[in-house]
Number of protein chains: 2
Amino acid sequence: MARRPLTKPRKQASQARSRATVDALVEATARILVHDGFDKASTNRIADMAGVSIGSLYQYFPSKEALVAAVIDRHNRQIMRRVRTALTEIASQPIERAVRRLVAVAIEAHRIDSRLHRVLTEQIPRVGQLENVEALNREGYALFRGYLESRRDELRIRNLDLAAFVCATSIEALTHTAVLYHTEMLRDAETLIEETTRLISGYLQPSPV
Amino acid sequence: MARRPLTKPRKQASQARSRATVDALVEATARILVHDGFDKASTNRIADMAGVSIGSLYQYFPSKEALVAAVIDRHNRQIMRRVRTALTEIASQPIERAVRRLVAVAIEAHRIDSRLHRVLTEQIPRVGQLENVEALNREGYALFRGYLESRRDELRIRNLDLAAFVCATSIEALTHTAVLYHTEMLRDAETLIEETTRLISGYLQPSPV
DNA sequence: ATAGAGTATGAGCGACAGCTCGTCTTCCAC
DNA sequence: GTGGAAGACGAGCTGTCGCTCATACTCTAT
């Protein structure tokens, strides 16, 4: 595998002016990614669009990948904020209701700037950010696992890690695919939510005797 | 979005010698993709590794993308052969057995040259091959939908399209993620198969009264 | 044997990428 | 007010990439 480029910021922006520069650069990167894709997003173009010189760009970002990493980071933070809130909300709710809420939130989360989300999903491997995303996934798992733990005696399965894996992966895949590749499904989002909820809660709970 | 490059072969190789050249090029592309990733796979390097001049490469492939497309194509054909066979095998089997077999095959399929599979999964968007892969997915759906149709009265759900979407997407995601990112799970592949089967057949079948 | 289609060659062109560095401007602590 | 740190600038270097084209070799059908 290719050695991955640096993605750490080069230096901290301390004054207000430079913080604005950094913001403009990240924002410009996001826009260009959405409009033209990763390959056409040259550092010169990014600097141009941000209204910043190429030299300034390299004051704060050691490489193009670092810029994209910053975009990914910002986007992920937005998503995780949503997810974390949802998971605390559902903490005391029964399984079916909780799952339904989670699925709805997953759809919302994928819809946050979904065009950017799509590009990022496709480009993350190239930026060597897989492990960061993995970390977030793990956080998602862990939080969800925590919930399962609290409902342990209502569950059919004993292996909570496995259960969390199966549920999280399925929910993520279904909502991701629907939002990004089957937009028509969202005209009747309720149905999708309903079915996914059935899938998951049917799996978690013992079948009613 | 960026205009995608040509991916159609430039001319057909008719003599044995040139067919060997084409094969060598595709093979070299696959190797370089696995070892160094898409970005480091320059056409010059590919030609080098194939033991072929850069000129010859461009006799048969109009662009780097066309080479990668050829690799994707070859790989997809292998996978679809496996999947099609499985789907005819299970045609007459009851749901639970059929699903179990399908899941097992999905794991096998992802394991066919899994390192290449991973790189391709990551790079497909860049080569403009998404719609081809989508076509295969649709074929998978359609075949599976056909099976569901034949078992219609054993199913809880009436909307077969939706059912096929939910099942195919989940199975694909679970096996894909497990094979590529959680290899440790495969040491006990039976468990994974068992759980996925439960998830899916529990979803499809009406819960026993 | 030979013509001509098929195949192979690789030096090198044009384009553009990422990035540096010497210079100039702005800000802030004192 | 001033000196030095922080910030901004952008011409242009270095490197590599995709790809062409003029040339030469090889196969096959007659």
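## The surface near DNA strand D

In this predicted model, the surface near DNA strand D is made up, by class, of six nonpolar, 14 polar and three charged residues. In total, 23 residues surround DNA strand D, and the closest of them are Ser18(A), Gly55(A), Ser42(B), Gly55(B) and Ser63(B). The elements that contribute two or more residues to this surface are, in chain A, helix 1 (16-36) and helix 3 (54-60) and, in chain B, helix 2 (43-50) and helix 3 (54-60). Helix 3 of chain A provides the largest share of the surface near DNA strand D, namely four residues.

## The surface near DNA strand C

DNA strand C is likewise surrounded by 23 residues, of which Ser42(A), Ser63(A), Gln15(B), Ser53(B) and Gly55(B) are the closest. Two or more residues each come from helix 2 (43-50) and helix 3 of chain A, and from helix 1 (16-36) and helix 3 of chain B. With four residues, helix 3 of chain B gives the most to the surface near DNA strand C. Sorted by class, the residues of this surface are six nonpolar, 14 polar and three charged.

## The fold of chain A

The secondary structure of chain A consists of nine helices and zero strands, so that, read from the N terminus, the order of its elements is α-α-α-α-α-α-α-α-α. Taken along the principal axes, the box filled by the C-alpha atoms of chain A is roughly 70 × 40 × 35 Å.

Chain A has 209 residues, and 33% of them are buried. When contacts in chain A are restricted to pairs of residues at least 6 apart in sequence, 71% of these contacts join residues at least 24 apart.

## The relation between chains A and B

A turn of 180 degrees, with a shift of 0.0 Å along the axis, lays chain A on chain B with an RMSD of 0.1 Å. This is the relation of a two-fold axis. Among the residues of chain A, Ser170(A) comes closest to the rotation axis, with its C-alpha atom at 2.6 Å.

The interface fits into this picture as well. Of the interface residues of chain A, 96% are also interface residues in chain B, and the copies therefore meet through the same surface.

Notes:
Residues are numbered from 1 along each chain as its sequence is written. Chains are lettered from A and ligands numbered from 1 in the order in which they are written. This is a predicted model: local features need pLDDT of at least 70, side-chain atom pairs count only at pLDDT 80 or more; totals for chains, interfaces and linings use all residues. A residue is near a molecule or strand if its C-beta atom, placed from the backbone, lies within 6 Å of it. Ala, Val, Leu, Ile, Met, Phe, Trp, Tyr, Cys and Pro count as nonpolar, Asp, Glu, Lys and Arg as charged, and the others, Gly among them, as polar. A residue is buried if 20 or more other C-beta atoms lie within 10 Å of its own, exposed if 12 or fewer, and partly exposed in between; C-beta atoms are placed from the backbone. Two residues are in contact if their C-beta atoms, placed from the backbone, lie within 7 Å. Copies are superposed by least squares on the C-alpha atoms of residues with pLDDT of at least 70 in both.
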